[in-house]
Amino acid sequence: MRCPVCNAAVVTFDVPEEYRGHLPAETEHAGLCSRCLRLHPADEGGGDFEQLGEEFPQDPDVAVPMAIAIGLLDSLALNRRDIEELLDVVIDAGVDPIMTVDRLQTQGSTDPAVDLNRRMEQLQQLINAGSEEEAA
């Protein structure tokens, strides 16, 4: 599958039922563009997350929520609750989402549609706020 916006390869994956409600349109399959990091509905899954780089989680139990969260970063204000819930899954699996986003933006093959530097600061604030709420 090719990205309808930038024509780069899209990494498609099956979306488990528990994550479908986080998508803009509920679907069984979605894809994350390997260049602009936009999220798209897909006709079929795949799950070859290596196309996003070796630093991206390869385990679908972590990669799927991480990919969906990244795809939702274009509107952090509207997708805040979804992103928080997805990142909780990623963090609980022992993966640092901030480091994953940082590595994605520094690899030469991406040209994200959103300002990832700014989003990383906001993500860190979300994560810190979530940690403070759990501690209270």
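Which residues touch the most other members of the largest nonpolar core? They are Phe13, Phe49, Phe56, Ile68 and Leu123, out of 35 residues in that core. The model is predicted. It holds an open sheet of 3 strands, and helix H2 lies across S1, S2 and S3. By the distance rule for cysteine sulfurs, it has 0 disulfides.

**The nonpolar cores**

- The largest nonpolar core has 35 residues. Phe13, Phe49, Phe56, Ile68 and Leu123 are the members that touch the most others.
- Two strands, S1 (10-14) and S2 (29-33), each supply at least two residues of this core. So do the helices H2 (60-71), H3 (76-92), H4 (97-106) and H5 (116-135).
- Helix H2 gives the most, with 8 residues.
- Another core lies apart from this one. It has 5 residues, among them Cys3, Val10, Cys33 and Cys36.
- In soluble globular proteins, nonpolar side chains tend to be buried together.

**The sheet**

- The sheet is open, and its strands follow the order S1-S2-S3. The pairing is antiparallel.
- S1 and S3 (39-41) stand at the edges. Each has a single partner strand, so one side of each lacks a neighbour in the sheet.
- On average, neighbouring strands are turned by 30 degrees against each other, with direction ignored.
- S1 and S2 run antiparallel and are joined by 5 bridges.
- Two facing pairs show how S1 and S2 line up. Thr12 stands opposite Gly31 in S2, and Phe13 stands opposite Ala30 in S2.
- Strand S1 is mostly covered, with 4 of its 5 residues buried.
- Helix H2 lies across S1, S2 and S3. The helix runs at about 125 degrees to S1.
- As a general point, strands of a sheet pair through backbone hydrogen bonds, either parallel or antiparallel.

**Gly31, a residue of strand S2**

- Gly31 is found in strand S2. Its relative accessibility is 0%, so Gly31 counts as buried.
- Beyond its neighbours within four places in sequence, Gly31 is in contact with Val10, Val11, Thr12 and Phe13. Its other contacts of this kind are Arg38, Leu39, His40 and Ala42.
- Gly31 and Met1 are 30 residues apart along the chain. Their C-alpha atoms are separated by 8.5 Å.

**The cysteines**

- Why is the sulfur of Cys6 not bonded to that of Cys33? The closest cysteine sulfur to Cys6 is the one in Cys33, at 3.4 Å, which is too far for a bond.
- Cys6 counts as partly exposed because its relative accessibility is 23%.
- Cys36 also has Cys33 as the site of its closest cysteine sulfur. The distance is 3.5 Å, so this pair is too far apart for a bond.
- Cys36 is buried, with a relative accessible area of 5%.
- The count of disulfides therefore comes to 0, since a pair of cysteine sulfur atoms must lie within 2.5 Å.
- A disulfide is a covalent bond between the sulfur atoms of two cysteines.

**Thr110, in the loop between H4 and H5**

- Is Thr110 buried or exposed? Thr110 is buried, with a relative accessible area of 11%.
- Thr110 lies in the loop between H4 and H5.
- The side chain of Thr110 reaches the backbone oxygen of Leu104 at 2.7 Å.
- Leaving aside neighbours within four places in sequence, Thr110 is in contact with Ser34, Arg35, Leu37, Leu104 and Gln105.

**Two residues with positive phi**

- Most residues other than glycine have a negative phi.
- Asn7 has a positive phi, near 70 degrees. Asn7 lies in the segment before S1. With a relative accessible area of 48%, Asn7 is partly exposed.
- Leu37 has a positive phi, near 60 degrees. Leu37 lies in the loop between S2 and S3. At 5% relative accessibility, Leu37 counts as buried.
- Leu37 is also one of the residues in contact with Thr110.

Methods. Residues numbered from 1 in each chain as written. Predicted model: local features only at pLDDT ≥ 70, side-chain atom pairs only at ≥ 80, totals over all residues. Heavy atoms only, no water. Core = buried A, V, L, I, M, F, W, Y, C linked by side-chain atoms within 4.5 Å. Buried < 20%, exposed > 50% of the residue type's maximum accessible area, 1.4 Å probe, protein only. Pairing = 2+ DSSP bridges. Axes fitted to C-alpha atoms, helices over the stretch in contact; angles between N-to-C directions. Contact = heavy atoms within 4.5 Å. Polar contact = N/O pair within 3.5 Å; in protein donor to acceptor, adjacent residues only side chain to side chain.
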